[in-house]
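Trainee: I'm new to this structure and would like to learn how to read it. Could you walk me through a few features?

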Amino acid sequence: MGRIRLLSETVASQVAAGEVVERPASVVKELVENSLDAGARNIDIAIRRGGISLVRVIDDGCGMDRDDALLSLERHATSKIRSATDLQAVATLGFRGEALPSIASVSRFRLTTREGDAIAGTEIIVNGGKIDVVRDGGEAPGTQVEVRSLFYNLPARRKFLRSENTESRNIEHQIHLQAIGHPEIGFSLMRDDRILFQLPATATLGDRIRDLYGVDLLQRLVEVNGAASAKIGISGFIGQAGLSRQTRSQQLVFVNGRAIESNLITGAAREGYHTALMKGQYPVTFLFLELDPGAVDVNVHPAKREVRFRDPNGVREAVIRCIQQTLEQARADWQEKFRAPIRPGPAAAISAKAAPDLSLRPEVTAPEVTHRELPHLGAVSGVADPGRAPSEIVGQALRLPEHLPQQRVTKPAQQQFEIIGVLSKLYVLMENANGLVLVDQHAAHERVLFEELRRRMEEQGVPTQKLLLPQTFDVPPRDADWIEQNLSVLQKMGIGIEGFGPDTFKIDSLPSFLDVSNAAQFMRKVIDDLKSAGTSASAMRLGEEMIAKTVCRHAVKANDPLLYPEVEKLIRDLLDCDLPYCCPHGRPTMIQISLAELDKKFGRKV
Ligand code: ADP
Ligand code: MG
């Protein structure tokens, strides 16, 4: 009896602040969102000592009159929604009416604001949630919020703050998100009285990315094209295949203008990149999803960092498809560079000359030299001969299709590239219409073999090999369930598996290009991999991973000397690939250095 009490308004705000205001970056986020919602064209942010001693956000938005300014500091006071129905389709960044009172309850807070046509503005000073001063203020139209001594009255919270540097970096990241999300708004950031950046309002996202991250990054991005489906629009930029990062920090995703974190979308992006992304690396994305506000629930996370989609699978599939299509388009652009003939006119005759005149290594032999069998390729085993049932091949050494030519390739009338030589027994140097191209022969061969094997696997299924002794193994009930539902997929992947009692399975055959000593252990990994790849992963997914590993072992290595026509065939095969510019592990296969870049380096052009 009598143990339950209503909390005072101030304490209630501090409790709410615990969720909304985690660290200085959350203050910045909430204030900048308010400025954006207020229709600001320019937002200037200043921080001191990692935002702990000061966060100040100045905007030129609509401002507030005195009554609204006072109300804005009340909990659950907002101009953005009115009813529960509005909550179903929120079009603003804020909607809970919690940020300002929460922040004001855990800091020394000052708000000055003026509406455009008002004679006088308002200044309000709040300390630890208590309003101390309300008076006329004479600032420019718009709103200015100063938050000093964050958590001064909550020492426990203060202790959890990280170093000033870390907090500053969090803030910078937060402002990067907002600046990328709103290229049409000018942003500036001052850190400890030093200007970190000043971003003018720009017409396009590309301009904003260039201003913030530099032209080099922009050049390695491809623009995502247009509508993914009737219900979801996807735009923005993504990194070309081969561009990746060790952290998620440049994996930006926006839903209806709101920066969000979403495993669903980052997972879909990874799936879309597939072999174009190195394992353990993260893609660079500036992805903008536009959905009907009613199809997204933004009211699921205290800091509004996550959202829930009404149709998560639709979103997932749209993102995957969009990324795949964008990368394929980029491939077409890249191939375009090789379509133009080099040195048109009479000069083309020179390029058709038999021997490359600049052979850097004796191994790059002139085409007249007779062609030998390539031992390193003959050794590759892995795929069934066409027209034979997989079972016939069991136990027999499998041969790869002959990749490199036995006959000299007939040259097209006009040559699109010319091999100059091989550097360090690894990098093929070539010339194309655009300038210089460097190719990593190992990575290139991996990609060629990978796509060839995958094609065969899709056409003929995975060749299998019977185990000498069938093996049984147990799995936890949930995995057993999963296996049962996916039996046909597994069989298609060359895994001969059947039920053998409750939660027990028997394997009697495996893909023949696998070297598996422990079938049960292998199966557990397969289950984990496939589960995480999600439902849309094709039955070929596992096969692809196995192939990627196999081709790595069998592709020509650095130091493997290649004959001139072999190199040439390799390059042609590479250019015919679906994703020519990266190996199956996502590393680049080719680097283009344009003549313009060379001219610049040699100071011929400014
Ligand atoms: P919310 O953004 O969820 O509505 P806040 O506590 O962040 O809640 O803000 C409360 C209200 O104060 C907002 O709804 C808005 O009307 C007003 N407000 C806050 N910041 C600004 C600003 N920079 N310019 C104009 N109005 C603002
Ligand atoms: Mg707000």
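Trainee: Which side chains meet Arg 110 in a salt bridge, and how do I recognise such a pair?

Mentor: Look for a side-chain nitrogen of Lys or Arg within 4 Å of a carboxyl oxygen of Asp or Glu. In this predicted model, Glu 146 and Arg 110 make such a pair, with N to O at 3.4 Å. Glu 146 sits in strand S6 (residues 142-148) and Arg 110 in strand S3 (residues 108-114), so the salt bridge ties together parts 36 residues apart in sequence.

Trainee: Is Glu 146 buried or exposed?

Mentor: The cut-off for buried is under 20% relative accessible area. Glu 146 has 9% relative accessibility, so it counts as buried.

Trainee: What about the pair of Arg 191 and Glu 172: where do these residues lie?

Mentor: Their closest N and O atoms are 3.5 Å apart, again a salt bridge. Arg 191 belongs to strand S7 (residues 186-191) and Glu 172 to helix H7, so parts 19 residues apart in sequence are tied together. Both residues are buried. Salt bridges can also share partners: Arg 56, Arg 110, Glu 123, Arg 135, Glu 146 and Arg 148 are joined that way into one network.

Trainee: How many salt bridges does the count come to?

Mentor: The count is 25 salt bridges. One of them joins Lys 80 and Asp 37, at 2.9 Å from N to O. Here Lys 80 is in the loop between helix H3 (66-71) and helix H4 (84-87), while Asp 37 is in helix H2 (residues 24-37), 43 residues away. Lys 80 has a relative accessible area of 27% and is partly exposed; Asp 37, at 24%, is partly exposed too.

Trainee: Back to helix H7: what should its 18 residues span?

Mentor: Use 1.5 Å a residue: the expected span of H7 (residues 164-181) is 26 Å, and its end C-alpha atoms are 26 Å apart, which agrees. Of those 18 residues, 13 are buried, so H7 is largely enclosed by the rest of the structure.

Trainee: And on the surface, which residues make a nonpolar patch?

Mentor: Leu 7, Val 11 and Val 15 make one of about 260 Å². Leu 7 lies in the segment before helix H1 (9-20) and is exposed, at 54% relative accessibility.

Trainee: Which residues gather in a patch of negative charge?

Mentor: Those are Asp 474, Asp 481, Glu 484 and Asp 503, on the surface. Asp 503 is found in the loop between strand S20 (496-499) and strand S21 (504-511), and its 31% relative accessibility makes it partly exposed.

Conventions. Residues numbered from 1 in each chain as written. Chains lettered and ligands numbered in written order. Predicted model: local features only at pLDDT ≥ 70, side-chain atom pairs only at ≥ 80, totals over all residues. Heavy atoms only, no water. Patch = residues over 30% accessible without salt bridge, like charges linked within 9 Å, V, L, I, M, F, W, Y side chains within 5 Å. Areas by Shrake-Rupley, 256 points an atom, 1.4 Å probe, with all protein chains shown as cover. Lys, Arg positive; Asp, Glu negative; His and termini not counted. Charge placed at Lys NZ, Arg CZ, Asp CG, Glu CD. Helix = DSSP H or I, 4+ residues; strand = E, 2+ residues; numbered from the N terminus. Buried < 20%, exposed > 50% of the residue type's maximum accessible area, 1.4 Å probe, protein only. Expected span 1.5 Å × (residues − 1).
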